[in-house]
Amino acid sequence: MPFHGSVTVIASPRPRVGKTLLTRLLTDFHVQEGHPIAAFDLNVGNGTLAQFLPEQTIVSAIGDVRGQMALFDRLIADDGAVKVVDLGHESFDSFFALTQQIGFTDEALKRAIAPVILYIITPDATAVEAYHGLRRRFPRVALTPVHNEIFGSAQHRNKYRFAGSGEVMLRLPALAPGLRKFIETPPFSFAGPARADLPTELANELQRWLRRAFREFREFDLRVLLADLQSSIRLPS
Amino acid sequence: MPAVPVNKSNIMAKPTVILVGADKGGVGKTTVARTLLDYFGAHQTPTRAFDTESPRGTLKRFHPDATEVVDMTEVADQMKIFDTLGSAAASVTVIDVRAGLLSPTLQALNDIGFIESANKDQINFAVFHILGPSIASLNEIAETARSLGNATYFVVKNRINDTTFFEWDPATYNFYFKQIRDAFEISIPKLNEMACEQVEVASTPFVSFIANKTSRDEKANYSFVLRGYVRHWLSNVWSEFDRVKLIDLVSPKEEVGPRQATG
């Protein structure tokens, strides 16, 4: 059964590891590709997804049932759209507990919606343990480790076993230091026209960076598609 | 906690009567009766129900096809239930006893010789006694147990509406509970209030709500989140029924495996 939608959750139990940056990139990637997309922001405070991409983002909260319904009923809606969730570290445990309790993965697969977790890896024991916990709890989800190259080489990658469609690690390329002040001032869209105040050299650097990041996403999409095709042509034993 | 004993002489199909009652109102008798009807339905066990909230029954609202409203104080209605046990297509009869009528009903069953038939192993008889939050409910246990004969007795702590429902002194509770030979304790977990409310509004069996179906078996548009809450809760309730091997009581031959409330 071919997927005709996906729900990608960008997650880490740690703050300030690049979840929102990754979500912004992924959202703008789909915008640029012309895919219908809805992004959901489960963060509080400054520098949130909703501040960077107000047009695509729905601010969400799962502290009460109404908020849970507003988020999950929309995520599971069979509307063919790509859904992206920027999961703040404060909501990590409650989000996945609820996801498990209400049977989200089974329902998503039943509706041909691919469930994906992009997990930003860090070397600390909490993050490693939480990753393996997700693997145990959600064996049918494409749980994919993401290495944010801003943190240097991923010497801790062996602590993470790769799973599902993410048999290889997805990389978030390191951003040139001079670009940071431009792209971290909201609102900012990577899919929009280049900012007039961006020096040519930095504009070129941004384009190179985006090409690398978007290539990672394209390859990842292909892997999900490939996994989907493999499962759809599997003959009954 | 021991499992419900299965008497090998009972292996022949034998009618089963399950009384669901309490001497207090508002403790969730009908909710438990609904979970039982869904449970037996999931086990393909033909079941009928009688709702004693005459003239308008709550159970009938949720399970209209399986339920008949009766007045347990009327001899004609008692005949309707008990004289048809051997001839009805359904092997299980669930009776949702109106608030305050549990003790009188058990007395009436004694008077008509039903308890004696159960004692002679001609009928499987079980009582689901739904406890209320007060200490007075504990007195009911001893009082009810005296009228039971060989019935299988389930003491049900229904937490569906309130997590702080049971705060009895454990010693006091055990004192009453242990007076009853072969009593089984069942705990009904809490269900999210909004999910509970939406099933009420939908007026469907829990399994239909989970499957996103209306009472007329048409596709509905219930919240996926609320359906998820109900699915999770009903699975936990059925796990309790599995734990006490309830299905062995009504159909001893059946192998019971883990089963989920799927939607």
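Before I show you the sheet in chain B, let me say that two strands are counted as paired here if DSSP finds at least two bridges between them. In general, the strands of a sheet pair through backbone hydrogen bonds, and they do so either parallel or antiparallel. Please also keep in mind throughout that what we are looking at is a predicted model.

With that in hand, let us turn to chain B, which has eleven helices and seven strands. The seven strands form an open sheet whose order is S3-S2-S4-S1-S5-S6-S7, and the pairing is parallel. At the edges of this sheet of chain B stand strand S3 (67–69) and S7, and because each of them has a single partner strand, one side of each is left without a neighbour in the sheet. If you go across the sheet of chain B from one strand to the next, the twist averages 20°.

Let me take a few of these pairings one at a time, so that you can find them in the structure. Strand S1 of chain B, residues 16–21, runs parallel to strand S4 of chain B, residues 92–96, and five bridges join the two. If you would like a place to put your finger, look for B:Val20, which stands opposite B:Asp96 in S4(B).

Moving along, we come to strand S6 of chain B, which covers residues 152–158, and here I would ask how many of its seven residues are buried. Seven of the seven are, so to count as buried each must have 20 or more other C-beta atoms within 10 Å of its own. The residues of S6(B) point in two directions: B:Thr152, B:Phe154, B:Val156 and B:Asn158 point one way, while B:Tyr153, B:Val155 and B:Lys157 point the other way, and all are buried.

Strand S6(B) also has a partner on each side in the order I gave you. Strand S5 of chain B, residues 124–131, runs parallel to S6(B) and is joined to it by six bridges, and within this pairing B:His129 stands opposite B:Val155. Strand S7 of chain B, residues 183–188, also pairs with S6(B) in the parallel sense, over six bridges, and here the bridge partner of B:Lys157 is B:Ser187 in S7(B).

Stepping back to the whole of chain B, 44% of its 263 residues count as buried. Among the contacts in chain B with a separation of 6 or more, 75% are between residues that lie 24 or more positions apart. A separate example of two residues far apart along the chain is given by B:Ala42 and B:Val207, which are 165 residues apart in that sense, while their C-alpha atoms are separated by 8.9 Å. B:Ala42 itself is found in helix H1 of chain B, residues 29–42. Is B:Ala42 buried or partly exposed? It counts as partly exposed, because B:Ala42 has 17 C-beta neighbours inside 10 Å.

Now let us move to chain A, which has eight helices and seven strands. Its radius of gyration is 17 Å, close to the 18 Å that the globule rule gives for 237 residues, so chain A is as compact as a globular protein of that length. Taken along the principal axes, the C-alpha atoms of chain A fill a box of roughly 60 × 40 × 35 Å. Of the 237 residues in chain A, 38% are buried.

Chain A, too, has an open sheet of seven strands, with the order S3-S2-S4-S1-S5-S6-S7 and parallel pairing. Its edges are strand S3 (57–59) and strand S7 (170–172), each with a single partner strand, so one side of each has no neighbour in the sheet. In the sheet of chain A, the twist averages 25° from one strand to the next. Strand S2 of chain A, residues 37–42, pairs with S3(A) in the parallel sense over three bridges, and A:Asp41 stands opposite A:Val59 in S3(A).

One helix of chain A deserves a moment, namely H1, residues 19–33, whose 15 residues reach 21 Å from the first C-alpha to the last, close to the 21 Å expected at 1.5 Å a residue. Of the 15 residues in H1(A), 13 are buried, and the helix is followed by A:Gly34, whose phi is positive, near 80°.

Finally, let us see where the two chains meet, in a contact that takes ten residues from chain B and ten residues from chain A. On the side of chain B that touches chain A, helix H10 of chain B, residues 224–243, gives the most, with seven residues. The residues on that side of chain B divide into five nonpolar, four polar and one charged.

Key:
Residues numbered from 1 in each chain as written. Chains lettered and ligands numbered in written order. Predicted model: local features only at pLDDT ≥ 70, side-chain atom pairs only at ≥ 80, totals over all residues. Contact = placed C-beta atoms within 7 Å. Helix = DSSP H or I, 4+ residues; strand = E, 2+ residues; numbered from the N terminus. Nonpolar A, V, L, I, M, F, W, Y, C, P; charged D, E, K, R; others polar. Buried ≥ 20, exposed ≤ 12 C-beta atoms within 10 Å, placed from the backbone. Expected span 1.5 Å × (residues − 1). Rg over C-alpha atoms; globule rule 2.2 N^0.38 Å. Axes fitted to C-alpha atoms, helices over the stretch in contact; angles between N-to-C directions.
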